[in-house]
Amino acid sequence: MKKWEIIENIIIEKLVFGWKWFVRLEDNKVCFITGWAIPGSQVNLKIIKKKKDFYEAQIIKVIKKSPIETESYDIFPGAPWMNINYNEQLKIKQAQIEEALFHVKKYQEDINFLDIVPAPEQFGYRNKIEFSFGKYISHKEEVFQDFNVGFHKRGEFSKVEDYDECLLIDAQQNKIYKKIKDFAKQSGLPVYDQKIWKGFWRHLMMRKMHFSGEILIVLSLFPAYFKDEDNSNFDTEDIFDEIKKFITKLTQEFQDIKSVYISHNSNKADTLIGDMELVYGNPTISENLLGLSFDVWPKSFFQTNSRGAEVLYSLVKDFFTSYHKGEKIWTVLDLYAGTGTIGMIFADVAQDVISVELVEEASKNGAKNAQKNWIQNIEFVNAKVEEFLSIYLEQNKKADLLIIDPPRAGMHPSALPNILKFGTQQMIYVSCNPATLARDLEYILANSDYRIEKVQAVDMFPHTHHIETVVSLVK
């Protein structure tokens, strides 16, 4: 096989860690594949890298769909597995976790993989969604759409595909989305063009909390549109008055809308948040999880699946209680804590909880929510985890439980040696990336007397490849 060579009629075998597809080619070399397909699909590939022991390739054409794929739904970005039977999705994800941890078995052969926990809901589960305004201009396809609202086309970010609904949010959210879309289209103002940095309508973000039912909306606009000489004849004040009148009417029709912001977004980058103006209601909405109440701001770090989050957090707590048999402990370190949700859930079983998070706003929001729930035994530390651990250990401070929930990149390399110095009887690792989970577990098992007690995946995002995994490590 040579670089750039085209290989035809290849059957995709499986999804492996790193969210790449796997196949073994005729020369018996492994090939890792990027591009959209599912196991059982027949595809044509282009070799893009040739290594000593493996190839990397890209899918250039799907010749035949997989036997497990249906044609029940129109596919849209954010739900590429929509036409895979849900039980098959769970099998793929379970297999991916076991595949990712295959090399960890050289340190511990008897890993206890529990069955993946299905999502409580397969549709309408997202409490947050972002839509983009944009164009879809393609001379090749003879498509000229000047006003679309929906999602960026896969692989062609400058094109926005138009959608009237999204099956990952509920019917009420879809109705609100359609009302806003129709109003924007009838306004006569153009969508933002990322190529020339001109236009008006940019993004729509909506949060609807599952348990409280409260809705927050952010409408992102490009204010510099009116500074252009061609548009200087517009009465800016009148336009924004019309937008606010529409918002008032919308909130009267949908009384679950508790908060509306306009984001005056002058950023050239494709980002939602600019200068925020609260134009209706409260600064926050609230959500209830496991007996606690959380205020949610437009930029809050909050799980996008509320019911799924309850399942995930309950599993983390169960992993603790099943090992400690309900005994109280002294100090919990909640590392990479975000807004400290997991730490707050552990506040009733520990004397002290320390929530460590790099993003300052997340820490501040966490502290506000702890105060709201009358939780007084949690401390929020805004710091890099690796730096916090070094200082904490230098001060000869101890901990009885480490909860580790890092971002997709996994733990910082300098943090790994330090988590082993605490000697806690148990660590609980929550991961959203099987590849970096495997990497970090290999280090822990190779350099300590910890072993994996059990591993369990949780499906919080049906119709996508995303997986959450909880691992209990014990002495």
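# Close-up views of a predicted model

**View 1. A leucine in the loop between two strands.** Look for leucine 290 in the loop that runs between β14 (285-289) and β15 (292-296). Please keep in mind that everything shown in these views comes from a predicted model. Although leucine 290 is not a glycine, its phi is positive, at about 50 degrees. Its relative accessible area of 34% makes leucine 290 partly exposed.

**View 2. Another positive phi, this time at tryptophan 4.** Tryptophan 4 sits in the segment before β1 (6-11). Its phi is positive too, at about 75 degrees, and tryptophan 4 is not a glycine either. Is tryptophan 4 buried or exposed? It counts as exposed, because its relative accessibility is 53% and the cut-off for exposed is over 50%.

**View 3. The whole protein, for orientation.** Before turning to the charged side chains, here is the overall frame. The secondary structure comprises 9 helices and 22 strands. Along the principal axes, the C-alpha atoms fill a box of roughly 70 × 65 × 35 Å. The radius of gyration is 24 Å, which agrees with the value near 23 Å for a compact globule of 475 residues. Of these 475 residues, 53% are buried.

**View 4. Glutamate 141 and lysine 153 paired in a salt bridge.** Side chains of opposite charge can pair when their charged atoms come close. The structure holds 22 salt bridges, and one of them joins the side chains of glutamate 141 and lysine 153, with 3.7 Å from N to O. Glutamate 141 belongs to the loop between β7 (128-138) and β8 (143-153), while lysine 153 is part of strand β8, so the pair links parts of the chain 12 residues apart. Glutamate 141 has a relative accessible area of 40% and is therefore partly exposed.

**View 5. A salt bridge from strand β10 to a loop.** Lysine 208 and aspartate 170 form this salt bridge, and their closest N and O atoms are 2.7 Å apart. The partners lie 38 residues apart: lysine 208 is in strand β10 (residues 201-208), and aspartate 170 is in the loop between β9 (156-162) and α2 (171-186). How do the two partners compare in accessibility? Lysine 208 is buried, with a relative accessible area of 15%, whereas aspartate 170 counts as partly exposed at 23%. The 20% cut-off for buried falls between these two values, which is why the two partners get separate labels.

**View 6. A salt bridge between helix α4 and a loop.** Where does lysine 317 find its partner? Its side chain meets that of aspartate 348 in a salt bridge, 3.1 Å from N to O. Lysine 317 is in helix α4 (residues 306-324), and aspartate 348 is in the loop between α5 (341-345) and β17 (350-357), so the link spans 31 residues. Lysine 317 is buried, with a relative accessible area of 15%.

**View 7. A network of salt bridges.** Which residues make up this network? Salt bridges link Asp162, Asp164 and Lys181.

**View 8. A patch of negative charge on the surface.** Asp235, Glu237, Asp238 and Asp241 gather here. One of them, glutamate 237, can be found in helix α3 (residues 236-253). With a relative accessible area of 60%, glutamate 237 is exposed.

**View 9. A nonpolar patch on the surface.** Phe301, Leu358 and Val359 form this patch, and together they have about 270 Å² of accessible area. Leucine 358 lies in the loop between β17 and α6 (360-372). It is exposed, because its relative accessible area is 53%.

**View 10. Two buried loop residues as landmarks.** Leucine 101 lies in the loop between α1 (86-100) and β7. It is buried, with a relative accessible area of 0%. From leucine 101 to leucine 315 the C-alpha separation is 20 Å, with their positions 214 residues apart along the chain. The other landmark, glycine 213, is in the loop between β10 and β11 (215-221). Glycine 213 is also buried, at a relative accessible area of 13%. Its C-alpha atom is 37 Å from that of phenylalanine 388, and the two residues are 175 residues apart in sequence.

Conventions
Residues are numbered from 1 along each chain as its sequence is written. This is a predicted model: local features need pLDDT of at least 70, side-chain atom pairs count only at pLDDT 80 or more; totals for chains, interfaces and linings use all residues. Side-chain values use heavy atoms; hydrogens and water are left out. Patches are made of residues with over 30% relative accessible area and no salt bridge: like charges are joined within 9 Å, nonpolar side chains (Val, Leu, Ile, Met, Phe, Trp, Tyr) within 5 Å. Accessible areas come from the Shrake-Rupley method with a 1.4 Å probe; for residues, only the protein chains shown count as cover. A salt bridge is a side-chain nitrogen of Lys or Arg within 4 Å of a carboxyl oxygen of Asp or Glu. Lys and Arg count as positive and Asp and Glu as negative; His and the chain ends are not counted. The place of a charge is taken as NZ of Lys, CZ of Arg, CG of Asp or CD of Glu. Helices (H or I, at least four residues) and strands (E, at least two) are DSSP runs, numbered from the N terminus. Buried means under 20% relative accessible area, exposed over 50%, partly exposed in between (1.4 Å probe, protein chains only). The radius of gyration is taken over C-alpha atoms; the globule rule is 2.2 Å times the number of residues to the power 0.38.
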